[in-house]
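Q: Please take a close look at one part of this model, the sheet and what packs around it. Keep it plain, as I am in my first year.

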Amino acid sequence: METINRLKENVEIILPENGLEEKLELAKKENRKLIIKLGFDPTAPDLHLGHAVVLKKLREFQNLGHQVIILVGDFTARIGDPTGKNKSRKPLSVEAVKHNAETYINQLSKIIDIDKVKIVFNSEWLDKLSFTEVIQVLSKVTVAQLMHRNDFNKRFTENTPIAMHEMVYPILQGFDSVEIKADIEMGGTDQLFNCTMGRKLQETFEMNPQIVMCMPLLKGLDGIEKMSKSLNNIIGLTDNAKDMFGKTMSIPDNLIEEYLHLTTDFSLNEKKAIKNRLDNGENPMEIKKIIAKNIITQYHNSSLA
């Protein structure tokens with residue numbers, strides 16, 4: 001039970017609700033490692049503390065001996081994915097995809113044990129599909145299912161164009177789960193639809209479907225939008241210690257609790273004690289210093305006085 005509680009800490013969505021317990025029991029029964037999938041489309045080369053929320057959860061699974069698979073969406077990045085906004089994202093060149101993927105992989109080692117990670121590229125199987133096979137995969141998903149995705153539904157209602165490649169994108173991401181036989185797919189809450197597509201496709205291929213674990217989206221330095229390089233509101237994993245400290249100190253006071261829970265590696269008891277200090281009226285700047293020093297220690301093995 002302690003292991004279950006620890007793995008569920010900070011997780012915002014688990015589908016189905018009792019799925020994690022069932023998967024862990026299955027792994028024990030079959031005496032095997034669970035396959036934990038995290039997909040990245042290398043659309044920008046820099047990772048930040050928002051990415052780290054998911055990566056640190058992956059590390060917990062690693063520490064329990066399970067197999068983490070980092071899936072680099074080099075094929076899907078060349079297509080251009082739906083952004084969740086009112087227009088599609090531009091596809092990337094092969095050269096840009098390769099550069100960004102290499103940068104991602106190098107930065108992953110700041111959080112997870114890269115030597116124990118299996119890294120795969122979805123071009124390995126998607127490039128090999130014949131057009132007939134693509135149509136067969138697409139036939140397993142209905143338009144009604146795709147329209148459950150909020151941004152598709154919103155754009156359709158507003159008569160904003162939706163290109164066909166955008167609707168194909170989540171299906172291809174779901175097919176990735178079929179190929180690697182994922183037991184668990186992780187992501188942010190903004191990836192819920194795409195991750196559940198993996199469950200649906202695995203079921204149509206008569207596989208034991210993956211469960212979905214979605215982590216909350218860390219708000220950026222503006223205190224409003226999710227942390228995103230395009231919004232210039234990030235604390236990057238490659239930022240130097242001084243910049244990390246300064247940026248953390250600049251967060252709005254209403255984000256202190258969120259950053260305490262999602263960006264630090266304090267124990268649950270330590271987090272409660274720090275939160276109590278804040279609730280009891282301690283200067284928020286002092287609490288931010290505690291959080292900032294902890295963040296620096298995680299990524300630089302040092303702290304600032």
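A: Helix 10, residues 164–180, lies across four strands: strand 2, strand 3 (67–72), strand 4 and strand 5 (184–188). Against strand 2, helix 10 runs at about 145 degrees. Keep in mind that this is a predicted model.

Now the sheet itself. It is an open sheet of 6 strands. Their order is 1-6-5-2-3-4, and the pairing is mixed. Which strands stand at the edges? They are strand 1 and strand 4 (118–121). Each has a single partner strand, so one side of each is left without a neighbour in the sheet. Neighbouring strands are turned against each other by 20 degrees on average, direction ignored.

Look closer at one edge. Strand 1 and strand 6 run antiparallel, joined by 3 bridges. One residue to find there is Leu 15, whose bridge partner in strand 6 is Val 212. Leu 15 has another feature: a cis peptide bond joins Leu 15 to Pro 16. Omega at that bond is about -10 degrees. Most peptide bonds are trans. Pro 16 itself sits in the loop between strand 1 (13–15) and helix 2 (19–30).

Follow the chain through helix 2 and you reach another loop. It links helix 2 to strand 2 (35–40), and Asn 31 is found in it. Asn 31 has a positive phi of about 50 degrees, although it is not a glycine. Most residues other than glycine have a negative phi. Is Asn 31 buried or exposed? Its relative accessibility is 71%, so Asn 31 counts as exposed.

A second loop residue can be read in the same manner. Glu 206 lies in the loop between helix 11 (192–204) and strand 6 (211–215). Glu 206 is not a glycine, yet its phi is positive, at about 60 degrees. Glu 206 counts as exposed because its relative accessibility is 77%.

Next, the contacts of a strand residue. Ile 184 belongs to the range of strand 5 (184–188). What does Ile 184 touch, leaving out residues up to four places away in sequence? The list is Leu 20, Leu 34, Ile 35, Ile 36, Lys 37, Phe 61, Gln 210, Ile 211 and Met 213. Ile 184 is also among the residues with the most contacts inside the largest nonpolar core. That core has 55 residues. Leu 20, Leu 58, Ile 70, Met 186, Met 213 and Tyr 259 join Ile 184 on that list. Helix 3 (residues 49–63) gives the most to this core, with 7 residues. There is also a second, separate core of 22 residues. Its members include Val 141, Phe 152, Ala 182 and Leu 201.

Two cysteines deserve a stop. Cys 195 is buried, with a relative accessible area of 1%. Cys 214 is buried too, because its relative accessibility is 0%. Do not expect a bond between them. The sulfur of Cys 214 is 5.1 Å from the closest cysteine sulfur, in Cys 195, and that is too far for a bond. A disulfide needs sulfur atoms within 2.5 Å. The count of disulfides comes to 0.

Tyr 259, one of the core residues named above, leads on to a helix. Tyr 259 is among the buried residues of helix 13. How many residues of helix 13 (residues 256–263) are buried? The count is 6 of its 8, so helix 13 is mostly covered. Besides Tyr 259, the buried ones are Ile 256, Glu 258, Leu 260, Leu 262 and Thr 263. What covers these buried residues includes helix 3, helix 14 (268–279) and helix 15 (284–300).

Take helix 14 from that group. The axes of helix 13 and helix 14 come within 11 Å and cross at roughly 170 degrees. That makes helix 13 roughly antiparallel to helix 14. On the helix 13 side, the contact is made by Ile 256, Glu 257, Leu 260 and His 261. On the helix 14 side, it is made by Lys 271, Ile 274, Lys 275 and Leu 278.

One last residue to find is Thr 248, in helix 12 (residues 241–249). Thr 248 counts as buried because its relative accessibility is 0%. Leaving out residues up to four places away in sequence, Thr 248 touches Ile 235, Lys 288, Ile 291, Ala 292 and Ile 295.

Methods
Residues are numbered from 1 along each chain as its sequence is written. This is a predicted model: local features need pLDDT of at least 70, side-chain atom pairs count only at pLDDT 80 or more; totals for chains, interfaces and linings use all residues. Side-chain values use heavy atoms; hydrogens and water are left out. A nonpolar core is a set of buried Ala, Val, Leu, Ile, Met, Phe, Trp, Tyr and Cys residues joined through side-chain atoms within 4.5 Å. Buried means under 20% relative accessible area, exposed over 50%, partly exposed in between (1.4 Å probe, protein chains only). Helices (H or I, at least four residues) and strands (E, at least two) are DSSP runs, numbered from the N terminus. Contact means heavy atoms within 4.5 Å. Two strands pair if DSSP finds at least two bridges between them. Axes are lines fitted to C-alpha atoms, for helices over the stretch in contact, and angles run from 0 to 180 degrees between N-to-C directions. Angles under 35 degrees count as roughly parallel, over 145 as roughly antiparallel, 65 to 115 as roughly perpendicular and the rest as oblique.
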